Every structure is written in C-alpha cells, then in structure tokens.
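The exercises below are meant to be worked through with the sequence and the structure side by side. Each one sets a task and is followed by a solution in steps.

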Amino acid sequence: MSTKYTKLLAGLMGAAMIAVAGQAAAVEFKDPTGDDNGPGTYTYPTDGAYLKGAFDLTSFSAEKSGSDIDFKATMASSLNDPWGMGGGFATQMVFVFINTGTGKHKDGIPGLNIQLEPGWDKAVILSPQKKARVESEIRNSAAAMAGDILVPGRTKGSGKTISGSVKAADIGTSDPSTWSYQVVVQSNEGFPAKGDLLTRRVNEFEGQHRFGGGNDGMCDPHVMDILAGSGAGGADEVAAQHAALKAFECTDDGEAKKLAVVPMIKK
Ligand SMILES: [Ca+2]
Ligand SMILES: [Ca+2]
C-alpha cells in the first residue's frame with residue numbers, strides 16, 4: 001500500500017474512532033405503555049393524586065455530561081405535585097439499578113421485594129423527597145447497601161420527565177453505555193411502613209393510598225413498571241415483564257418463599 005493511502009486510511013480510522021467516542025457516553029431504553037401493572041394484575045390507589053399513567057415508564061436515559069451522569073425517566077402521564085413537594089412531581093419514585101461489571105448485590109432495595117439478576121453495583125434513587133430525608137431513610141432501612149445507593153443533589157420533574165444527576169466517579173469510570181440497567185417505578189410514600197425505603201405497598205385490594213392486585217404480605221414484588229426484554233419498547237416486553245414479576249412464591253402467612261427475579265438490561 002502506498003504511503004498516501006496508508007495516511008488516508010489512518011485519517012479515516014481516527015475520524016471513526018472520534019465519532020464513536022463522541023456518541024458512546026449515553027444510553028437510552030424504551031418501555032411499552034400500558035404495562036404499569038407489575039405482574040399484570042396491579043391497580044392504582046383510588047386517590048385522585050395518582051394520575052392514569054403516572055407509573056407507566058416510557059423511556060429512560062443515562063448520559064455522561066462533564067463529570068456528572070444525567071439520568072432521565074419519562075412516564076406516560078404528565079407529572080403533578082398534589083402534595084406540594086416543590087420539585088415538580090410527587091407521586092413517583094424511581095430506582096435505577098446499575099451493573100458496572102460485578103453484580104455485587106442480588107437483593108433489591110428494601111420495600112421492593114425483588115431480586116436482580118445478575119445483580120447490581122450502584123443504585124440511583126430519583127425521589128421527590130429532599131436528599132437529606134432519602135439519605136436518612138437509606139441509613140435506617142438499607143444500611144448494608146447504603147454505600148452503593150446514590151441520591152442526586154436535586155431531583156426534578158418537568159413535563160413527563162423526572163431527572164437527576166450524580167457524580168460519574170461515584171458509579172464508575174467506564175462508559176455508561178457499557179453498563180446494564182434496571183429501572184423500577186414505584187411510588188413516593190412519605191409515611192412508609194417500617195423497613196420499607198419510602199415505598200408504597202401493594203395489597204390484595206387497592207385503597208386510597210395502596211396499590212391493589214397483589215398480596216397483603218411481603219412476598220409479592222412492590223413495583224409497578226420495569227424494563228424488560230431488550231429495552232426497546234416492543235409489545236413483547238409486556239409479557240416478559242409480567243412473566244418475571246409473576247414468578248414469586250408466598251408462604252401461607254404471606255412471607256416470601258421466593259422473590260421475583262428481575263433482569264438487568266443492556267443495550
Ligand atoms: Ca411502561
Ligand atoms: Ca415495562
């Protein structure tokens with residue numbers, strides 16, 4: 001090959017590598033609408049604060065921005081703040097589980113009643129509660145994993161999107177597009193039951209501030225929507241979500257014999 005062509009090829013390869021590096025530090029997943037029913041049976045609380053579609057995830061993104069990673073979770077419904085939380089949303093609480101290559105924790109965060117496979121290394125909580133309150137609840141309810149749970153300085157809601165940022169170095173130095181994720185939509189419960197990390201319970205029958213369609217014990221997954229399948233938003237992902245969240249077993253007393261196992265999703 002002539003020197004001229006070698007130089008041209010090197011130049012092209014360099015340009016391609018720069019293009020890849022410029023695009024790679026972001027990842028986006030889509031989720032189908034109408035699957036905000038956990039294993040397929042869950043219903044919303046009856047209070048008017050819970051808008052139709054409020055817990056229906058439609059997309060999620062993680063993007064490197066300077067020294068931060070920006071997280072965005074979008075719901076099917078516009079956000080509302082009926083409880084005066086002050087950040088543009090109130091009823092939702094989103095758990096972002098991230099596997100950066102190890103899968104240190106298999107257990108979900110207390111109150112969710114799930115396990116994750118192949119596990120998570122860091123979790124980011126997007127809550128309308130003040131950071132200090134969330135961190136105090138983490139110390140109380142999730143002490144064993146507290147060092148791996150991150151809370152943005154400020155989490156805000158706008159339109160249909162909840163967003164917050166954490167320091168990239170607190171998660172890992174690798175590219176966020178190389179990590180796998182699970183995004184769990186729950187509800188912000190300001191008066192959680194003991195041991196629950198600000199999560200709202202799912203009972204057999206829905207109540208003013210309780211989800212319905214589950215079990216009165218703590219064996220059913222307390223989650224309304226998750227990512228499933230390839231995270232592309234296809235209709236097949238509804239069935240995949242239902243199958244994962246249905247696979248739990250209860251004792252006669254409503255204790256967990258086997259918790260539902262939720263997958264980590266990678267682009
Ligand atoms: Ca959804
Ligand atoms: Ca889903």
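**Exercise 1. The nonpolar core**

Which residues of the largest nonpolar core touch the most other members?

Solution. Bear in mind throughout that the model is a predicted one. Begin with the extent of the core, which holds 65 residues; those touching the most other members are Val 94, Phe 95, Val 96, Ala 123, Tyr 181 and Val 183. Next, ask which element supplies the largest share of this core: that is strand E4, residues 92-99, with six residues. Finally, follow one of these residues outward: leaving aside residues up to four places away in sequence, Phe 95 is in contact with Ile 109, Leu 112, Ala 123, Ile 125, Val 184 and Gln 186.

**Exercise 2. The overall fold**

Work out how the radius of gyration of the protein compares with that of a compact globule, and set beside it the other overall values.

Solution. First take the secondary structure, which consists of three helices and 14 strands. Then turn to the radius of gyration: because a compact globule of 267 residues would have a value near 18 Å, the 20 Å of the protein agrees with that expectation. The C-alpha trace, taken along its principal axes, spans about 75 × 35 × 35 Å, and buried residues account for 42% of the 267 residues. As a last step, consider the contacts between residues at least 6 apart in sequence, of which 69% join residues at least 24 apart.

**Exercise 3. An open sheet and one of its residues**

Describe the sheet that contains strand E5, and decide whether His 105 is buried or exposed.

Solution. Start with the strand order, which is E5-E6-E14 in an open sheet of three strands with mixed pairing. The edges are strand E5 (105-107) and strand E14 (260-263), each of which pairs on one side only, while the twist from one strand to the next averages 25 degrees. Strand E5 and strand E6 (residues 114-120) run antiparallel and are joined by two bridges.

Now place the residue: His 105 lies in strand E5, and its bridge partner in E6 is Trp 120. His 105 counts as buried because it has 20 C-beta neighbours inside 10 Å, and 20 or more is the cut-off for that class. Apart from residues up to four places away in sequence, the contacts of His 105 are Gly 119, Trp 120, Met 145 and Asp 148. By contrast, Tyr 44, which is 61 residues from His 105 in sequence, lies 29 Å from it in space, C-alpha to C-alpha.

How values were computed
Residues numbered from 1 in each chain as written. Chains lettered and ligands numbered in written order. Predicted model: local features only at pLDDT ≥ 70, side-chain atom pairs only at ≥ 80, totals over all residues. Helix = DSSP H or I, 4+ residues; strand = E, 2+ residues; numbered from the N terminus. Rg over C-alpha atoms; globule rule 2.2 N^0.38 Å. Buried ≥ 20, exposed ≤ 12 C-beta atoms within 10 Å, placed from the backbone. Contact = placed C-beta atoms within 7 Å. Core = buried A, V, L, I, M, F, W, Y, C linked by C-beta atoms within 7 Å. Pairing = 2+ DSSP bridges. Axes fitted to C-alpha atoms, helices over the stretch in contact; angles between N-to-C directions.
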